[in-house]
Amino acid sequence: MYRLLTLLFLALFHAVQALSSTGNRLLVVTEDSAADKEKYSVFWSDLESRGYRLAFEAPKNDKLALFQHGERAFDHVLLLPTTSKGLGPSLTPNLLLRFINNNGNILLALSAESPVPSAISSLLLELDIHLPPDRTSLVVDHFNYDIISASEKHDVLVLPKPSALRSDVRNYFGGDGVIAFPRMVAQELGSASQLLMPILRAPETAYSYNPKEEAETVEEPFAVGGQISLVSSMQARNSARFTVLGSIEALEDAWFDRTVKAPEGKAVKTSNRAFAKSLTAWTFMETGVLKVGKVEHYLSTISESKSGNDSVAQLGYLNPTIYRIKNDVTFNIELSEYNFDHLSPFTVSPEDKLQLEFTMLSPFHRLDLQPISTTLNSTIFSTTFRLPDQHGIFSFRVNYKRPFLTNVDVKREVTVRHFAHDEWPRSWMISAGWVWIAGIWVTVIGWVAFVALWLWSEPAYEQSQGKKRQ
């Protein structure tokens, strides 16, 4: 009976446990919680089914606080559009940045129907994300719009799911299907920051304009084509995530399973629900999270008679603090990737490389780490190399930072010493020293021969012929 109750308790615990690797406390900031609960009911139910505990709060609520006793009161924040110019004293740009610096994640949703609050504009400028200055502009495309719902204004974009940012970058938002984005707010990303990543860019035929300006042509649009980022992301150096969705309407129940039709396409159902899941999963640390397991290094020997991993054999114990120059050393690191509710083996893209740096002030070696074995939830990468002919304090370092993946920066310091006096090879084993050894023995033998010749070659003395005088 006790065992059955224990199993039921564990099952219930895992059922309510959030899939996020950082926590399940989600703060939803909205002015009209009752209306938003009804308008986005499917979206909220999807989040709750994945284990999140939603707390709906007004932006200017006096009891609202992102921190309690110096710690985060919430793990994630979802900011919905508001009609007010400010968000109150609890959601200032400084507090939101502090929330990110404390490993909190933020999903910001915008709408062209609601002006962007000044606090949000200031926060985005801190992150080098720029919005249209008039705060009411939207994105239109006369070639990629829904002819059913936006036959005149062309402000409902119908686009395929995002493609990979680069060939060596994993795509967490792609797949089959199309997404409908009503009344999108354009974003322009600064080029100076390497932390910004566009999730979805606008087509080349799209542009941003202010609908209040009734004109036949737009002379100076805010941005056009690929300059426009429809969905943007920023991953901080501590791997905290900040995502900007340009259309909150894309998360409404009405657009989760709606029939749309592009000018030159067929009528299809939208994939907004699947895209909302992938977007929130990445923002709230359910996907793209790397975990470091065991990190090992040890003295090794290489056998020429064997090949592959069998040619390397361990000598001594794991993770010593001191090595000798010209030692053969093996380094292993275990990596896993968190995928919704479980850890899986991490695989490196064929176009990418996971590298080890053996560095002092600058790298002496930069070597590719190769997968040597795989477990149920991890992959072990390894490499074997010879230490440089240089003594000092060195570091094994794996610095792996890629878009949409949490940063991996592992560092292990070791000391590399010179040869001891009894570790140098004997002089007669060095062929270049044979000349000097021969010279020493020639000198010794010549000196002995000279001494022997001196001792055994005493000169003969002649006897005196004169008389002895007194």
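Ile106 has Phe242 as its bridge partner in E15, and that pair sits in one of the two open sheets covered here. This is a predicted model, where local features need pLDDT of at least 70, side-chain atom pairs count only at pLDDT 80 or more, and totals for chains, interfaces and linings use all residues. Residues are numbered from 1 along each chain as its sequence is written, and side-chain values use heavy atoms, with hydrogens and water left out.

**The seven-stranded sheet**

- Ile106 and Phe242 belong to a parallel pairing, in which four bridges join strand E6 (residues 105-109) to strand E15 (residues 241-245). Strands here are DSSP E runs of at least two residues, helices are H or I runs of at least four, and both are numbered from the N terminus; two strands pair if DSSP finds at least two bridges between them.
- The whole sheet is open and mixed, with seven strands in the order E2-E1-E5-E6-E15-E14-E12.
- Its edges are strand E2 (53-57) and strand E12 (196-201), each pairing on one side only.
- On average, neighbouring strands of this sheet are turned by 15° against each other, direction ignored. For the angles, axes are lines fitted to C-alpha atoms (for helices, over the stretch in contact), and values run from 0 to 180 degrees between N-to-C directions.
- Helix H3 (residues 41-49) packs on this sheet and touches strand E1 (25-29), E2 and strand E5 (76-79), with its direction at about 140° to that of E2. Contact means heavy atoms within 4.5 Å.
- Helix H7 (residues 272-283) lies across E6, E12, strand E14 (229-235) and E15, and runs at about 150° to E15.

**The five-stranded sheet**

- This one is open with mixed pairing too, and its strand order is E20-E28-E27-E23-E24.
- Strand E20 (322-324) and strand E24 (363-368) are the edges; each has a single partner strand, so one side of each is left without a neighbour in the sheet.
- Neighbouring strands of this sheet are turned by 30° against each other on average, again ignoring direction.
- E20 runs parallel to strand E28 (residues 408-417), joined by three bridges, and Arg324 stands opposite Arg417 in E28.
- E27 and E28 are antiparallel and share nine bridges; Asn399 stands opposite Asp409 in E28.
- Strand E23 (residues 355-359) is antiparallel to E27 through three bridges, and Thr359 has Ser395 as its bridge partner in E27.
- E23 also pairs with E24, in the antiparallel sense over five bridges, with Phe358 opposite His365 in E24. A hairpin through three residues joins these two strands.

**Aromatic pairs**

- The structure holds 21 aromatic pairs. Rings of Phe, Tyr and Trp (its six-membered ring) pair if their centres lie within 6.5 Å; planes under 30 degrees apart count as stacked, over 60 as edge-to-face and the rest as tilted.
- Take Tyr323 and Phe396: their ring centres are 6.4 Å apart and their planes stand at 75°, so the pair is edge-to-face.
- Tyr323 lies in strand E20 and Phe396 in strand E27 (residues 392-400), so the pair ties together parts that are 73 residues apart in sequence.

**Cavities and the largest pocket**

- A search of the whole structure turns up two cavities of 30 Å³ or more. On a 1 Å grid over the protein atoms alone, a cavity is a set of points where a 1.4 Å probe fits but cannot get out, a pocket is an open set with protein on both sides within 12 Å along at least five of seven lines, and lining residues have an atom within 4 Å of a point.
- The largest cavity holds about 90 Å³ of space. Volume here is the space filled by probe spheres set on the points, which are joined across faces, edges and corners.
- Of the 14 residues lining the largest cavity, Leu80, Pro81, Thr82, Ala109 and Pro117 are the closest to its centre.
- That lining has 11 nonpolar, three polar and no charged residues. Nonpolar covers Ala, Val, Leu, Ile, Met, Phe, Trp, Tyr, Cys and Pro, charged covers Asp, Glu, Lys and Arg, and the others, Gly among them, count as polar.
- The second largest cavity, at about 30 Å³, is lined by Ile179, Leu245, Ala250, Leu251, Asn272, Phe275 and Leu279.
- H7 gives the largest share of that second lining, three residues, and the class split is six nonpolar, one polar and no charged.
- The largest pocket has a volume of about 310 Å³. Of its 13 lining residues, Gln194, Leu195, Lys401, Arg402 and Pro403 are the closest to the centre.
- The lining of the largest pocket divides into six nonpolar, three polar and four charged residues.
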